[in-house]
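Here's a quick briefing to read with the model open in your viewer. Grab a coffee and follow the residue numbers as we go.

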Amino acid sequence: WVEAGDVVDTTVVVGSQVATSVNMTVLNPISNGDPAVFGFDISGPSGTGVDVGSIARRGESPTIVELSNGPAAVSSIDHSDAFISGDRCAVSIPKTWYLTGGSTKTGSFTELRIFNPFADNAEVTVTAYSEFDLDLITELDGFDVPGREWTTIDMEPFVPLRDQLVFTVESTTGLVIPVLVRSDERGQAMIPGSGASETWDFPIVTAGELEPFISVMSAGDDDITVTIDIVGETGITRDARTVTVDSATPALIPISDIAAPPYGVRVRASSLVAASVIAVVPEADPDEIPGEPDAGTTTTIADETTTTVAPTEDTFIRGLAGTIGAAAPSSQWIVPFETQLDAQTTVWIMNATDEVAAVTLQPLAEEPDASTTVTIEPGTTAPVPVTSGVGIYGYFVDSSTPVSVAWVIVGDRGVALSAAISAN
């Protein structure tokens, strides 16, 4: 999903381990309108970033990237003066998608964007789950998504004032690709759909002072047990939190109180679950809200002396981030991204095994660049900071033992968080 208008721009980033020809198609929101097509070649290992606005300015639309060779992967980075968010390509298309991490509580907005990339029509049913269990939406039961078209659904009119929302998108005919877009005054998060698994790895769960939660939904009819392992820079804490998740009720598991950032998380469940991480601006403690007591007043304290409470400036923390995890570790990953001049980009590598991981990172750059090898100790997660503005469009990651990988961008515009794509 990309956006190229008068406020928001998108960079589509292609990273490939081998030489490949690329065709990029920006679809037209006008029915039967001609798409804009842009073709180019990249050598391998290499990468490049394409400003969607330089091809066509059509607002929100899906973009299709076709590659002649691989392993290769694609991501998109949406940005404006007020936010930055990231999405990653879908590498397989199941009949049933899970989309976790939504909310329509006051000040929060959630959209589902559903795209049919094929020529034939698709018939789709959207089911919503919240803290009130199953939320039936008859208007979204068996609606059509025509071939090579898409629909954007604002969920607030259907399920308003829900603190937590999870959706299933099921194709009864054809296939579609959905994404959940959550936004508020602080930022925007784009969370792809996923399948279900008994384990999920999140190599990094928060950045930029945001508060992380794990959004979890049971994929079956039975209640399940979900266990959180914390994987930090110095070691692993197993069974840090355990919760019971009802079959038709999503759980939003807080994890900021069980470890000091930065850290990764492994989610283990007694049965199949869908999961994502959502990181939000912390809600202010009433005792810490500026003006309590009134700034600039004189207050008497116990020893009968006086002190002046200085005016307190409310720091505006910007950001909202979220992504899916890795259902299984892998020995090879593709991490496509574009560095930002006003932000710090970091690749996070999580080694939840009992073996040392020797990890080689080959830059996907416009010009050939030497690889870097780092050692990730057992049961730890480690950062690899990336220098901004050097023509690097991600990494090809090769590890001696299976690891999980994600990347994060943190800057004045906010936080973008995305899982990497397995090359195996």
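What follows is a short tour of charge pairs, a charged patch, and some backbone details.

Keep in mind that this is a predicted model. It holds 11 salt bridges, and a few of them are picked out below. After that come a negative surface patch made of Asp residues and a couple of cis peptide bonds that end in proline.

**Salt bridges**

- Start with Arg 57 and Asp 9, which pair up in a salt bridge with their closest N and O atoms 2.8 Å apart. Arg 57 sits in the loop between strand S5 (46-51) and strand S6 (59-61), while Asp 9 belongs to strand S2 (residues 9-16), so this bridge ties together parts that are 48 residues apart in sequence.
- How open are these two partners? Arg 57 is partly exposed, at a relative accessible area of 47%, and Asp 9 is partly exposed too, at 22%.
- Next up, Asp 135 and Arg 162 meet through their side chains in a salt bridge, with 2.9 Å from N to O. Asp 135 is in strand S13 (residues 133-135) and Arg 162 is in the loop between strand S15 (150-154) and strand S16 (165-173), so parts 27 residues apart in sequence get tied together.
- Are Asp 135 and Arg 162 buried or exposed? Both of them are buried.
- Asp 342 and Arg 413 make another salt bridge, at 3.2 Å from N to O. Here the pair ties together parts that are 71 residues apart in sequence, because Asp 342 lies in the loop between strand S28 (330-336) and strand S29 (343-351) and Arg 413 in the loop between strand S33 (392-411) and strand S34 (414-419).
- The two ends of that bridge fall into separate classes: Asp 342 is partly exposed, with a relative accessible area of 40%, whereas Arg 413 is buried, at 16%.
- There's also a small network, in which salt bridges with shared partners join Glu 60, Glu 111 and Arg 113.

**Negative patch and Asp 133**

- Which residues form the negative surface patch? They are Asp 133, Asp 221, Asp 222, Asp 223 and Asp 246.
- Asp 133 is found in strand S13 and is partly exposed, with a relative accessible area of 37%.
- Asp 133 turns up again when you look at the backbone: its phi is near 75°, a positive value in a residue other than glycine.

**Backbone details**

- Glu 209 has a positive phi as well, about 70°, although it is not a glycine. You'll find Glu 209 in the loop between strand S19 (197-202) and strand S20 (211-218), where it counts as exposed at 61% relative accessibility.
- Gly 44 and Pro 45 are joined by a cis peptide bond with omega about -10°. Pro 45 is in the loop between strand S4 (36-42) and S5.
- A cis peptide bond also joins Pro 261 and Pro 262, with omega about 5°. Pro 262 is placed in the loop between strand S23 (251-254) and strand S24 (263-280).

**Two loop residues**

- Asn 116 lies in the loop between strand S11 (109-115) and strand S12 (122-130), and counts as buried at 0% relative accessibility. A polar atom of the Asn 116 side chain is 2.8 Å from the backbone oxygen of Asp 120.
- Asp 6 is in the loop between strand S1 (2-4) and S2 and is exposed, with a relative accessible area of 78%. From C-alpha to C-alpha, Asp 6 and Tyr 98 are 32 Å apart in space, and they are 92 residues apart in sequence.

Methods. Residues are numbered from 1 along each chain as its sequence is written. This is a predicted model: local features need pLDDT of at least 70, side-chain atom pairs count only at pLDDT 80 or more; totals for chains, interfaces and linings use all residues. Side-chain values use heavy atoms; hydrogens and water are left out. A salt bridge is a side-chain nitrogen of Lys or Arg within 4 Å of a carboxyl oxygen of Asp or Glu. Helices (H or I, at least four residues) and strands (E, at least two) are DSSP runs, numbered from the N terminus. Buried means under 20% relative accessible area, exposed over 50%, partly exposed in between (1.4 Å probe, protein chains only). Patches are made of residues with over 30% relative accessible area and no salt bridge: like charges are joined within 9 Å, nonpolar side chains (Val, Leu, Ile, Met, Phe, Trp, Tyr) within 5 Å. Accessible areas come from the Shrake-Rupley method with a 1.4 Å probe; for residues, only the protein chains shown count as cover. Lys and Arg count as positive and Asp and Glu as negative; His and the chain ends are not counted. The place of a charge is taken as NZ of Lys, CZ of Arg, CG of Asp or CD of Glu. A polar contact is a pair of N or O atoms within 3.5 Å; within protein, one must be able to donate a hydrogen and the other to accept it, and residues adjacent in sequence count only if both atoms are side-chain atoms.
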